[in-house]
Amino acid sequence: MPVLYVHTSSVDSTQRVAAALEPLLGPGDVLLLSGDLGAGKTAFVQGLAKAMGVSDRVTSPTFTLAHTYQGRLRLHHLDVYRFTHASEAVDLGLPELLDDDAVVAVEWGELILSELSQDFLRIRIHLGLPEDPADVRRLEIELVGSSWQARHDAVARALGPCEEVA
């Protein structure tokens, strides 16, 4: 599966990566975000939501599990960090959210892979090396499934203006 890499040096630049991808998103698209605590998953979703025209304050749904925002498209922002089994996604109403013609962004999404179709954009956010400034991140963007693989060139072009695309 194709993978693109982007390095960012601030919360703002991480948000700009999300904003660059926003025009490529359509109803039913799923983004899985993973990374250590504090890596920038929620910051990424904030940048995405802002680019989608969401005017509400976007916060981590760690305790509520899901937030929904309205912008150009509806955005469901989920955090499944506290899940112990993928089947808990059904209790959350994941099947209905996925059928809602919305964009679905799932923090800690690797925990529910078995409940998803095999067509999604996986974004792994890695903290920089110890000698790097605190805000350096490496985003690994994997295009999974035929829908995303068909958009590979468009994703690469969208990320072109972002910091250090490889």
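So, let's start with E107 and who it touches. Leaving out residues up to four places away in sequence, E107 is in contact with L33, K41, T42, S60, P61, H77, L78, D79, V80 and Y81. Keep in mind that we're looking at a predicted model.

Where does E107 sit? It's in strand β5, and E107 is buried. Now, which charged side chain might pair with it? The nearest one of opposite charge is K41, 4.9 Å away. A salt bridge has to be within 4 Å, so that distance is over the cut-off, and E107 ends up with no salt bridge. What E107 does have is a polar contact of 2.7 Å, side chain to side chain, with T42.

Okay, staying with β5 for a second, let's look at the loop that leads into it. That loop runs between α4, residues 94-98, and β5, residues 103-107, and D101 lies in it. D101 isn't a glycine, and still its phi is positive, at about 55°. Is D101 buried or exposed? It's exposed, because its relative accessible area is 55%, and the cut-off for exposed is over 50%.

Next up, helix α6, which covers residues 152-159. Which of its residues are buried? Those are V155, A158 and L159. They cover an arc of only 95° around the axis, and therefore they sit on the same side of α6. If you're wondering about the spacing, an α-helix has 3.6 residues a turn, so residues three or four places apart point the same way.

What do those buried residues of α6 pack against? There are four elements to find on your screen:

- strand β1, residues 3-8
- helix α1, residues 11-21
- strand β7, residues 137-144
- helix α5, residues 146-149

Flip to the other side of α6 and you'll find D153 and R157, both exposed.

Then there's A156, also in α6. A156 counts as partly exposed, because its relative accessibility is 26%. Here's a nice one to check in the viewer: A156 and V3 are 153 residues apart in sequence, and their C-alpha atoms are 9.8 Å apart in space.

Last thing: how confident is the prediction? The mean pLDDT of the protein chain is 85, with 83% of its residues at 70 or more. Confidence is highest in helix α2, residues 41-51, at 96. It's lowest in helix α3, residues 88-92, where the mean is 65. Where pLDDT is low, the predicted coordinates shouldn't be read in detail.

Key: Residues are numbered from 1 along each chain as its sequence is written. This is a predicted model: local features need pLDDT of at least 70, side-chain atom pairs count only at pLDDT 80 or more; totals for chains, interfaces and linings use all residues. Side-chain values use heavy atoms; hydrogens and water are left out. Helices (H or I, at least four residues) and strands (E, at least two) are DSSP runs, numbered from the N terminus. Buried means under 20% relative accessible area, exposed over 50%, partly exposed in between (1.4 Å probe, protein chains only). The arc is that of the directions from the helix axis to the C-beta atoms. Contact means heavy atoms within 4.5 Å. Lys and Arg count as positive and Asp and Glu as negative; His and the chain ends are not counted. A salt bridge is a side-chain nitrogen of Lys or Arg within 4 Å of a carboxyl oxygen of Asp or Glu. A polar contact is a pair of N or O atoms within 3.5 Å; within protein, one must be able to donate a hydrogen and the other to accept it, and residues adjacent in sequence count only if both atoms are side-chain atoms. pLDDT is the predictor's confidence in each residue, from 0 to 100.
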